[in-house]
Amino acid sequence: MSRSDEATTDRISANGQGLAPDEVLAVERLSTHFVYKNRTAKVIRDVSFRLKKGRTLAIVGESGSGKSVTSLSIMGLLSEPGRVVDGRILYRLSSGEAVDLTGASKRTMRRIRGREISMIFQEPMSSLNPLQTVGDQIAEMIWLHMATNRANARKRAVDLLRLVEIPGAERRIDDYPHHMSGGMRQRVMIAMALACDPSLLIADEPTTALDVTIQAQILDLMRRLQGELDMSILFITHDMGVVAEIADDVAVMYAGVAVEQAPVRRLFDAPNHPYTRGLLASIPEANRERDDKGQRVRLTAIPGTVPSLYDLPPGCPFETRCAWREEACLEPVSLEPCGPDHLSRCWKMRQA
Amino acid sequence: MARYVAKRVLGMIVVMFIVLTTVFIIVRLAPGDPASLMLGPEATPADVVALRARMGLDQPVVVQYFSFLGQIATGNLGQSIFFNQPVTQVIAARAEPTVLLTLFSIVIAVAIALPVGILSAYTRGSLFDQGSLSTAMLAASVPSFWLGLIFQQYLATGAGWFPVSGFGSPSATFFERVHFIILPSIVLGIVNSALIIRFSRAAMLDVLNDDFVRTARAKGMSEWRVVIRHALKSALIPIVTVVGLTFALLISGAIVTERVFNLPGLGSLVVGAVLRRDYPVIQGVLVVIAGLYVLINFLIDMLYLAIDPRVKY
């Protein structure tokens with residue numbers, strides 16, 4: 001089947017309306033549920049964000065906030081019984097057409113994965129196939145999506161290893177993953193992800209499992225490659241420090257909803273939602289180790305735990321842990337502007 | 001890699017040596033004097049002494065042991081008392097049905113078990129998965145002789161698709177002989193597929209949840225490729241192990257099935273030899289089967305090497 005045939009079957013242009021010319025991705029009112037026999041986990045509820053060409057959007061939140069499920073929803077890689085139950089995921093194909101990924105056929109999704117949208121994962125140790133050389137794994141990506149022969153795919157794989165700054169690329173290409181360190185493997189994952197010049201790279205906690213020094217190298221590498229290849233990055237992390245390093249815009253997720261969205265500077269300078277404030281306050285600071293009296297400063301933590309996704313409070317999901325909570329917080333609250341390009345899901349802080 | 005192979009070869013020799021010693025001891029521990037048994041109650045003591053001398057039974061045990069090892073090292077398994085032929089010839093004459101039965105059974109078992117195991121794992125919890133698991137349990141619980149009798153009743157006597165039993169006349173062509181082997185092979189194949197189904201399902205379940213399988217999906221390949229090229233290859237090590245062990249067990253475990261289907265194989269040979277106290281034949285068959293066991297285990301180890309680049313110690 002040719003490309004245009006598939007486009008017609010999926011009614012790409014009809015469904016993809018609403019994506020601005022400079023936008024690569026727009027997630028609109030996305031809800032993803034995991035439906036079990038007698039209960040339903042509402043893992044993502046009503047999440048919206050937009051990503052412009054060449055920009056980096058960080059989704060930040062603690063484990064269980066739904067940030068990884070958001071990325072898997074976009075990729076169409078939700079495991080059973082996960083299902084996108086509502087909303088649209090608009091994506092601009094490299095051909096310029098816009099498509100709603102929630103309605104795309106399996107075939108279209110296969111063509112988009114790796115070719116249009118690539119993904120790198122948290123665990124570089126286990127995300128590569130242990131039985132294949134890294135060269136074969138990169139080359140596989142190339143010939144899956146591009147008309148090329150073995151020799152050319154291999155040559156491109158070597159070039160990609162050079163691109164991600166692996167020394168001795170010609171030799172390392174025949175190495176198996178177990179010959180490499182964690183940082184090296186993550187470089188290989190990046191090389192593989194970039195093999196087909198994707199317009200969007202989804203990075204799901206790509207530096208979490210790495211040493212801090214290696215982490216910085218990988219972030220540098222990603223920033224450099226983003227500039228060179230003009231791609232957009234959706235960066236998923238729980239680390240506010242990493243957000244500050246790499247993001248242009250930030251969406252803070254909590255218990256399946258976006259509680260605050262803002263450009264990165266604005267978010268750090270003027271956080272609005274109590275949860276964001278809590279997150280920022282919990283970053284340890286080296287020069288704040290002792291207070292004025294010379295006493296050791298205790299690390300700030302947000303008290304309590306995330307509510308169960310099976311049994312969410314009716315109002316604000318953060319209400320159970322919030323220091324500013326009131327009666328009115330038991331009412332549902334929506335994400336609304338509280339400044340330029342700044343959205344918050346807290347009625348109280350918006351007024352303040 | 002060379003070290004890995006050398007280690008396995010050395011291990012194989014050591015195991016074989018222990019096996020030979022054990023075979024030698026066990027056969028000699030059995031009660032009764034083979035010479036007087038063979039000659040019957042009417043034999044004169046002089047006849048018995050003469051036969052004992054001919055069989056080397058009058059020598060000290062240590063001498064018997066070393067001459068046994070020496071013979072085997074030169075490929076000589078001794079002389080059958082009953083057939084009055086070299087044991088190697090006796091075994092060779094009976095090997096074909098057993099070898100064919102074993103090979104066909106394992107092929108049938110794998111042909112059933114691998115797709116079922118993979119699909120079960122892939123559709124975990126589905127009707128197919130539950131059905132295949134309970135069927136496998138049933139197949140493992142059914143005695144092979146019973147299944148053999150049922151198959152004879154319906155597929156041989158009833159439908160007439162296969163001969164009921166035997167291995168054809170000595171002049172039968174290879175394909176005619178194979179025709180005799182198919183029904184018993186199906187029986188053994190079904191019975192032995194159960195374990196392989198369980199193992200391949202478990203191994204695939206393990207692998208399908210691995211991160212690199214998710215990576216494979218994220219690369220945009222077909223599910224078929226994800227499952228077969230990426231997941232299955234990783235699950236092969238436990239599967240190869242259980243297939244190899246089943247294969248080894250089949251060589252010796254075909255005895256009952258050979259009986260039911262009246263196949264003139266190694267199983268019936270060894271049963272007859274035990275009843276006749278034909279020591280050299282018992283020894284010979286044990287040595288050959290043990291040797292095949294060790295060889296198969298060695299081949300499994302070599303397969304590991306081919307499958308997984310991390311194996312090298």
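**Close-up views of chain B**

**View 1. Helix H9 of chain B sits largely enclosed by the rest of the structure, because six of its eight residues are buried.** Welcome to this predicted model; this view is a good place to begin. The buried residues of H9(B) are B:Phe212, B:Arg214, B:Thr215, B:Ala216, B:Arg217 and B:Ala218. What do they pack against? From chain A come helix H3 (67–75), strand E6 (117–120) and helix H5 (124–127), and from chain B itself comes H10. Follow the chain just past the end of H9(B) and you meet B:Gly220, which takes a positive phi of about 85°.

**View 2. Chain B and chain A meet in a contact that draws 18 residues from chain B and 23 residues from chain A.** On the chain B side, two helices each supply at least two residues: H9 (211–218) and H10 (223–253). Which of the elements of chain B gives the most to this side? That is H9(B), the helix of the first view, with six residues. Sorted by class, the chain B side that touches chain A holds eight charged, five polar and five nonpolar residues.

**View 3. Here we step back to see chain B divided into domain 1 (2–73) and domain 2 (88–307).** Taken over C-alpha atoms, the centres of these two domains of chain B are separated by 32 Å. The domains also touch: 14 residues of domain 1 of chain B are in contact with twelve residues of domain 2 of chain B.

**View 4. A closer look at the side of domain 1 of chain B that touches domain 2 of chain B shows helices H1 (2–29) and H2 (34–39), each supplying at least two residues.** How many residues does H1(B), which gives the most to this side, bring? Its share is nine residues. By class, this side of domain 1 of chain B has twelve nonpolar residues, along with one polar and one charged.

**View 5. Helix H4 of chain B runs through residues 61–73, 13 residues in total.** From its first C-alpha to its last, H4(B) reaches 18 Å, close to the 18 Å expected at 1.5 Å a residue. Just after H4(B), look for B:Gly75, which takes a positive phi of about 80°.

Notes: Residues are numbered from 1 along each chain as its sequence is written. Chains are lettered from A and ligands numbered from 1 in the order in which they are written. This is a predicted model: local features need pLDDT of at least 70, side-chain atom pairs count only at pLDDT 80 or more; totals for chains, interfaces and linings use all residues. Two residues are in contact if their C-beta atoms, placed from the backbone, lie within 7 Å. Helices (H or I, at least four residues) and strands (E, at least two) are DSSP runs, numbered from the N terminus. Ala, Val, Leu, Ile, Met, Phe, Trp, Tyr, Cys and Pro count as nonpolar, Asp, Glu, Lys and Arg as charged, and the others, Gly among them, as polar. A residue is buried if 20 or more other C-beta atoms lie within 10 Å of its own, exposed if 12 or fewer, and partly exposed in between; C-beta atoms are placed from the backbone. Domain bounds come from an automatic or database domain assignment. The expected span of a helix is 1.5 Å times one less than its number of residues.
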